[in-house]
Amino acid sequence: MKKFVLKEKLSKKARKLLNAQKRVLWDAPPVSRIVPNKKKDHLQKLRPGQHDLGE
């Protein structure tokens, strides 16, 4: 059985290894990303009476 050592007393390399073992990696990011509708975004920028002159 391994002897228990406080995290503060571990070396930097040992702490890094311990944190890497506890870290959970996801297959897909947990944040849902929505692709913006380019056509809708373009229509919102143009207001009635404005013209798209490519300025």
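Leaving aside its neighbours within four places in sequence, which residues is Arg15 in contact with? I began my entries with this question and looked up the residue in the model, which is predicted.

**Entry on Arg15.** I found that Arg15 is in contact with Lys7 and Leu10, once neighbours within four places in sequence are set aside. I placed Arg15 in helix α1, which covers residues 12-22. I then looked up its exposure and noted a relative accessible area of 35%. Buried requires a value under 20% and exposed a value over 50%, so I recorded Arg15 as partly exposed.

**Entry on the largest pocket.** I next asked which residues line the largest pocket. I listed Lys2, Lys3, Phe4, Val5, Lys7, Leu10 and Leu18. Lys7 and Leu10, the contacts of Arg15 noted above, are among these lining residues. I sorted the lining by class and obtained 4 nonpolar and 3 charged residues, with no polar residue. For the space in this pocket, I noted about 210 Å³.

**Entry on the whole chain.** How many helices and strands does the chain have? I counted 2 helices and 0 strands. I looked up burial across the 55 residues of the chain and found that 0% count as buried. Arg15, as partly exposed, agrees with that entry. I finally recorded that the chain exposes about 6,600 Å². Carbon and sulfur atoms supply 58% of that exposed area.

Note on methods. Residues are numbered from 1 along each chain as its sequence is written. This is a predicted model: local features need pLDDT of at least 70, side-chain atom pairs count only at pLDDT 80 or more; totals for chains, interfaces and linings use all residues. Side-chain values use heavy atoms; hydrogens and water are left out. On a 1 Å grid over the protein atoms alone, a cavity is a set of points where a 1.4 Å probe fits but cannot get out, and a pocket is an open set with protein on both sides within 12 Å along at least five of seven lines; lining residues have an atom within 4 Å of a point. Grid points are joined across faces, edges and corners, and a volume is the space filled by probe spheres set on the points. Ala, Val, Leu, Ile, Met, Phe, Trp, Tyr, Cys and Pro count as nonpolar, Asp, Glu, Lys and Arg as charged, and the others, Gly among them, as polar. Helices (H or I, at least four residues) and strands (E, at least two) are DSSP runs, numbered from the N terminus. Buried means under 20% relative accessible area, exposed over 50%, partly exposed in between (1.4 Å probe, protein chains only). Accessible areas come from the Shrake-Rupley method with a 1.4 Å probe; for residues, only the protein chains shown count as cover. Contact means heavy atoms within 4.5 Å.
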